[in-house]
4 protein chains.
Amino acid sequence: MSVKVLVTGGTFDKEYDEITGKLYFNSTHLPEILKLGRCAVTVSIDTLMMIDSLEMTDRDRERILDECSRCAETRLVVTHGTDTMEVTARRLGEAKLKKTIVLTGAMVPYKFGSSDGLFNMGTALAFVQSLPHGVYVAMNGKCFTWDNVRKNRSKGTFEELDA
Amino acid sequence: MSVKVLVTGGTFDKEYDEITGKLYFNSTHLPEILKLGRCAVTVSIDTLMMIDSLEMTDRDRERILDECSRCAETRLVVTHGTDTMEVTARRLGEAKLKKTIVLTGAMVPYKFGSSDGLFNMGTALAFVQSLPHGVYVAMNGKCFTWDNVRKNRSKGTFEELDA
Amino acid sequence: MSVKVLVTGGTFDKEYDEITGKLYFNSTHLPEILKLGRCAVTVSIDTLMMIDSLEMTDRDRERILDECSRCAETRLVVTHGTDTMEVTARRLGEAKLKKTIVLTGAMVPYKFGSSDGLFNMGTALAFVQSLPHGVYVAMNGKCFTWDNVRKNRSKGTFEELDA
Amino acid sequence: MSVKVLVTGGTFDKEYDEITGKLYFNSTHLPEILKLGRCAVTVSIDTLMMIDSLEMTDRDRERILDECSRCAETRLVVTHGTDTMEVTARRLGEAKLKKTIVLTGAMVPYKFGSSDGLFNMGTALAFVQSLPHGVYVAMNGKCFTWDNVRKNRSKGTFEELDA
C-alpha cells in the first residue's frame, strides 16, 4: 500500500529564524518525521506550497484538488495549516474523488520539540490506510469527516459542527 | 468513542537511572504523550505491569487477555515490549474477543527524545478507532494482523511472516 | 559562593502561543534550566521584567543597575535580550560597581529545544564565579568586557568592537 | 584564545542501540554540542578513547597526561566518565603542567535530551578560559580543584572532600 503526502505548509513546518526572531518556512520536516517514526510505509512526498493557511487562496485549493485527482495514489495525506483546514477539506470533499484523503497539521511547529505534529502524522497515516474513500481531518487523535468539522479557535482544538 | 489503554511496559516506558547508569521502569509516560499530542479522544489508562517483554510469562498474558475481556470498552490499545509482542498478539487473537485490540510499542524509550513512541501511539489510536474487531500490531506506521506478523530482530522492524 | 540571577526577558525566555501563533513571555525557565544542568551552585533568581530588549528603556536599565547595586550578592548574572545587551552592559559597566556582573541570553528560545540558552547559562555561571569585578557579556562561549562588545546583527553572533 | 578538547568517552557520549537495547559508544557529540551552543571559541577536538571511565586503566591515564603535555594548547577540556573523574584529575594535577585543564562529563547521555552535558560543557569552556594554570573538575555548575573533589555516588553529584 503506497501513500502520497502533499505538503502545503502550516504551523507544522514552521521554523524559528534566529536572526530576525520570526517564524518562517524552510523545507518540510516530513522526511525527518517519518524517519523518527521508523515508518516503513511506502510514502512519496510532494511539496505543493509552503504557506500559512490564512494566506491560502481558492486557486491554491484548486491546485491541491488537481494534484489529489491526478496522482496515481488513491490514499493521500495533506499537511495543512489549521486555520483554514476545514475550508480545504470541504473543497476536496465536494469533489467526491474515489480516494481516501486525510488532512492533518499541528498547533506547534515540529521543530519546537513539544509538537503535536509527530503524533498527528501518526494518526493521519493510520487513518489513510484504514478508512474508506472520503475526505477526513485528523486532529487531536480523532478523525472528522469533511462536512462535520471546525476548528474551535479559542480552545485550539477541532470538533464536530454540532459540538 | 472511548478507548482503553493497557500499559505493560516495554522499551516505550523505560527511563535512564543516572545513579546506576541503567535503564529502568518508573511510571508510564502515556498521560504525557497524550497531552503532547493534544489528544481529545476519551482514553482511560490502566497500568497492568511494567516489565521487559522478554520477561513476560504465560500468566502475564492471561492477565492481559482477562483484562481485555472484562473491561467495558470494545476498543483497546496495549503498550508492549517489541521482543515478544507477536506472542501476546497471538494469544489475544486466538481468544477471538468481539473487540478491536491494537498492540504497539517503541524501539527507543520515549524519554530519550528521538523516540518512535509518540508516532506509534498516534497510529495505534487511529487504527483502534477505525478497524473492525480483531487483534492487530501497529508498528512502523503499518498495521499487521495478529496471525501474520513478526519482529525482524536484525533490522529492528516488523514485517509479515511471508515477507 | 552565592550567585544572584536577574531575569529581564529576551529570546531566552520566549514561548510559542499555540492559539495566536505568536511568541510571548510567560514565566522564566531559569529554574528548569538549572535543574537540567544539575546545578549545585547557590542561586537566587529575581524576575525584574519580562520584555524584548528592543523595548527596554533607560528607566528599565536604571532599575537593573539599582538592583545590581542594592543586592547583597557580589556575583550576578543578568539574562537579557541580545539586541540591546551591549547597551545595558555599558550602563552597568560605567557604574563601576565592586561586583562581577555577567550578561547572557540566547538566539533561540530555550523551549524550542535547539537552544543555545542552556549552554550560555553554563558559561555565564562559570564566568561569574571565576572573573574579577567588572561587567561582561557571555555569548558564543566567549566572555567580552562591557566596553568592547557588539552584536553582529547579520551573523547573529557577538564580537569585539575592533573585530 | 584556542582550546583543545580531549574526548575520552563517559556517559556524556553514550547512545542507545535500538537493536540490542543497550547503551554504547559511537562517535563523540562534541561538534554537535558546540554548534548548538553557537560556540565561536576556536576549539580543536581529539578523540583519545571512547570508554566507560570504570574501565579506564593507568595506561589510559598516562596517555591522557601525555597528550595534555605534548599538545600546543595551554587550555584543555577533557570529557570523562564521572565514576573515576577524580582519579584522572589527580593524576593530571600531580604532574603540575603549566596549563589549565578542566575535566567535565555528564550524568545523562547528551542524546537523551534531558542531559546536563550541554550545560556542563558551557561551564567547562568558560572555566578553562578564565582560570589560572591548574587542574579542575567542572560539574554541577561548580569548579573543584583536583586535590579536593569526589563524586558522591549516592547523590550523583560532585563535592569537596571535606563536605
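## A buried asparagine with an unusual phi

B:Asn140 is buried, with just 2% relative accessible area. Bear in mind as you look around that this is a predicted model. B:Asn140 sits in the loop that links strand 7 (134-139) to strand 8 (142-145) of chain B. Its backbone is worth a look too: phi at B:Asn140 is positive, about 60°, even though the residue is not a glycine. For background, most residues other than glycine have a negative phi.

Chain D has another case. D:Lys96 is not a glycine either, and its phi is positive at about 50°. You'll find D:Lys96 in the loop between helix 3 (85-94) and strand 6 (100-104) of chain D. Is D:Lys96 buried or exposed? D:Lys96 has a relative accessibility of 64%, so it counts as exposed, the cut-off being over 50%.

## Where chain A meets chain B

Let's move to the A/B interface. On the chain A side 26 residues are in contact with chain B, and 26 residues of chain B take part in return. Together the two chains bury about 2200 Å², and 68% of that is on carbon and sulfur atoms. Which residues of chain A lose the most area to chain B? They are A:Arg38, A:Phe119 and A:Asn140, which together make up 28% of what the chain A side buries.

A:Phe119 belongs to helix 4 (residues 117-130) of chain A. Its relative accessible area is 0%, so A:Phe119 counts as buried. Setting aside neighbours within four places in sequence, A:Phe119 is in contact with A:Gly141 in its own chain, and across in chain B with B:Gly37, B:Cys39, B:Leu118, B:Met121, B:Gly122 and B:Leu125. For a sense of distance within chain A, the C-alpha atoms of A:Phe119 and A:Glu73 are 23 Å apart, with their positions 46 residues apart along the chain.

B:Lys142 looks back at this interface from strand 8 of chain B. Not counting residues up to four places away in sequence, B:Lys142 touches A:Ala40, A:Val41 and A:Gln129 in chain A, plus B:Phe127 and B:Val137 in chain B. With 25% relative accessible area, B:Lys142 is partly exposed. From B:Lys142 to B:Thr57 it is 85 residues in sequence and 27 Å in space, C-alpha to C-alpha.

## Helix against helix in chains C and D

Now for chains C and D. Helix 4 (residues 117-130) of chain C and helix 4 (residues 117-130) of chain D have axes that come within 7 Å and cross at roughly 35°. The crossing of these two helices is right-handed. What kinds of residues make up the contact of helix 4 of chain C with helix 4 of chain D, by class? There are twelve nonpolar residues, eight polar ones and no charged ones.

The residues of chain C that meet the partner helix include C:Leu118, C:Phe119, C:Met121 and C:Gly122. From chain D, the residues involved include D:Leu125, D:Ala126, D:Phe127 and D:Gln129.

C:Gly37 also reaches over to chain D. This glycine lies in the loop between helix 1 (30-36) and strand 4 of chain C. Leaving out residues up to four places away in sequence, C:Gly37 touches D:Asp116, D:Phe119, D:Asn120 and D:Asn140. At 1% relative accessibility, C:Gly37 is buried. C:Gly37 and C:Met121 are 84 residues apart along the chain, yet their C-alpha atoms are separated by 9.4 Å.

## Inside chain C: Thr88 and Ser53

C:Thr88 is part of helix 3 (residues 85-94) of chain C, and with 0% relative accessibility it counts as buried. Beyond residues up to four places away in sequence, C:Thr88 touches C:Met56, C:Arg61, C:Ile64, C:His80 and C:Leu103. One of these is also a polar partner: the side chains of C:Thr88 and C:Arg61 make a polar contact at 2.7 Å. The C-alpha atom of C:Thr88 is 8.8 Å from that of C:Leu65, 23 residues away along the chain.

C:Ser53 is in the loop between strand 4 (42-51) and helix 2 (58-70) of chain C. Its relative accessible area is 2%, so C:Ser53 is buried. Apart from neighbours within four places in sequence, C:Ser53 is in contact with C:Arg61, C:His80, C:Gly81, C:Thr82, C:Asp83 and C:Thr84. C:Arg61 and C:His80 therefore turn up in the contacts of C:Ser53 as well as those of C:Thr88, both of them buried residues.

Conventions. Residues are numbered from 1 along each chain as its sequence is written. Chains are lettered from A and ligands numbered from 1 in the order in which they are written. This is a predicted model: local features need pLDDT of at least 70, side-chain atom pairs count only at pLDDT 80 or more; totals for chains, interfaces and linings use all residues. Side-chain values use heavy atoms; hydrogens and water are left out. Axes are lines fitted to C-alpha atoms, for helices over the stretch in contact, and angles run from 0 to 180 degrees between N-to-C directions. Helices (H or I, at least four residues) and strands (E, at least two) are DSSP runs, numbered from the N terminus. A crossing is left-handed if the near helix is turned anticlockwise from the far one by less than a right angle, and right-handed if clockwise. Contact means heavy atoms within 4.5 Å. Ala, Val, Leu, Ile, Met, Phe, Trp, Tyr, Cys and Pro count as nonpolar, Asp, Glu, Lys and Arg as charged, and the others, Gly among them, as polar. Buried means under 20% relative accessible area, exposed over 50%, partly exposed in between (1.4 Å probe, protein chains only). A polar contact is a pair of N or O atoms within 3.5 Å; within protein, one must be able to donate a hydrogen and the other to accept it, and residues adjacent in sequence count only if both atoms are side-chain atoms. Buried area is the accessible area (1.4 Å probe) that two parts lose on being put together, summed over both.
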